[in-house]
Amino acid sequence: MARLFLDTANVEEIREATRWGILDGVTTNPTLMMRAGTADLKANTLKIVDLVQGPVSAEVVATDAGGMIEEARKILSWSEHVFVKIPCTAEGLKAIREISTWPNGRVNATLIFSPTQAYLVAKAGASYASIFVGRMDDAGLDGMEVVRQTRDIFDNYGFHCQLLAASIRHTAHVVDALLAGADIITLPFGVLQKMIRSPFTDVGLERFLADWEKVAGG
Ligand code: G3P
């Protein structure tokens, strides 16, 4: 079953989505923390963990392997639900290789824009490979093709790394990611709201209620 994550650090959005009973996890990043107006990564991450009781990703800000590993050690100690986000760079690969040997080494490899990057992070031991579909589309590329090719590569060689479709911009991205076989889709709250609603549902419901009122109303 494809899992659905919210791509936000906003606790109120997460609280609301957990009430709908379909949320499996959350991904955050420094930009999302800035939008949520907090620099307290630990407190905010733990609030989110409390709400979802599932995987919650928090990102390092160091750019050298040593610094990433040091930050990862702290971040991963906060909760068994926390995954550490490490960018796909040469330093990031070194860090992923090291962290994934730890018993609690849950890595979400991030900022992935090609099947070769996805292959490398999987080889290094990442648990998730986050492919940024929307940012590629923004640049005139076909982001979903990277998801499709990565799916084939992971399947061809039996990689355990989960394919995470990120940078989702609209509901068509969600459908395409599901058809492409993404293991996880992380999406903004606004896209999740749009997945639920259809004007046809609203009109249909209105008509049912009006007709019921005619036959059963006083
Ligand atoms: O979680 C990271 C990714 O989803 C970023 O999305 O909208 O900043 O391209 P976006």
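Trainee: What distance separates an oxygen atom of the ligand from an N or O atom in the side chain of Ser 167?

Mentor: That distance is 2.7 Å, and a polar contact is a pair of N or O atoms within 3.5 Å (within protein, one must be able to donate a hydrogen and the other to accept it, and residues adjacent in sequence count only if both atoms are side-chain atoms), so the pair with Ser 167 meets the distance limit. This is a predicted model, in which local features need pLDDT of at least 70 and side-chain atom pairs count only at pLDDT 80 or more, while totals for chains, interfaces and linings use all residues. Residues are numbered from 1 along each chain as its sequence is written, and side-chain values use heavy atoms, with hydrogens and water left out.

Trainee: How do you know that Ser 167 is buried or exposed?

Mentor: Its relative accessible area is 8%, and buried means under 20%, exposed over 50% and partly exposed in between (1.4 Å probe, protein chains only), so Ser 167 is buried. Ser 167 is found in the loop between S7 and helix H9 (171-179), where helices (H or I, at least four residues) and strands (E, at least two) are DSSP runs numbered from the N terminus. The phi angle of Ser 167, near 55 degrees, is a positive value in a residue other than glycine.

Trainee: Which residues are around the ligand?

Mentor: They are Asp 7, Asn 29, Lys 85, Phe 132, Arg 135, Ala 166, Ser 167 and Arg 169, the criterion being that one heavy atom of the residue lies within 4 Å of the molecule. An N or O atom in the side chain of Arg 169 is 2.7 Å from a ligand oxygen, and for the side chain of Lys 85 the corresponding value is 3.3 Å. The ligand taken alone exposes 310 Å², and the protein buries 86% of that, with areas from the Shrake-Rupley method and a 1.4 Å probe (for residues, only the protein chains shown count as cover).

Trainee: Why is the side-chain pair of Thr 27 and Asp 7 called a polar contact?

Mentor: The two side chains come to 2.8 Å, which is within the distance limit already given, so the pair qualifies. A second polar contact, of 2.6 Å, joins the side chains of Thr 27 and Thr 186. Thr 27 lies in strand S2 (residues 25-27) and is buried, with a relative accessible area of 1%.

Trainee: What makes the pair of Tyr 119 and Phe 159 stacked, tilted or edge-to-face?

Mentor: A pair of aromatic rings is described by the distance of the centres and the angle of the planes. Rings of Phe, Tyr and Trp (its six-membered ring) pair if their centres lie within 6.5 Å, with planes under 30 degrees apart counted as stacked, over 60 as edge-to-face and the rest as tilted. Tyr 119 and Phe 159 have ring centres 5.9 Å apart and planes at 70 degrees, so the pair is edge-to-face. Tyr 119 lies in helix H6 (residues 115-124) and Phe 159 in the loop between helix H8 (143-157) and strand S7 (162-166), so the pair ties together parts that are 40 residues apart in sequence.

Trainee: What is the accessibility of Phe 159, and which class does it give?

Mentor: At 22% relative accessible area, Phe 159 is partly exposed, as is Tyr 119 at 33%. Phe 159 also forms an edge-to-face pair with Phe 154, at 5.6 Å centre to centre and 65 degrees between the planes; Phe 154, at 1% relative accessibility, counts as buried. The structure holds six aromatic pairs, and Phe 5, Phe 83 and Tyr 128 form one aromatic cluster.

Trainee: Why does Leu 111 count as buried, partly exposed or exposed?

Mentor: Its relative accessibility is 31%, which lies between the two limits, so Leu 111 counts as partly exposed. Leu 111 lies in strand S5 (residues 107-112), and its phi is near 60 degrees, a positive value in a residue other than glycine.

Trainee: What is the overall make-up of the protein in helices and strands?

Mentor: The protein has 11 helices and eight strands, and of its 218 residues 46% count as buried. Its C-alpha trace spans about 75 × 40 × 30 Å along the principal axes.
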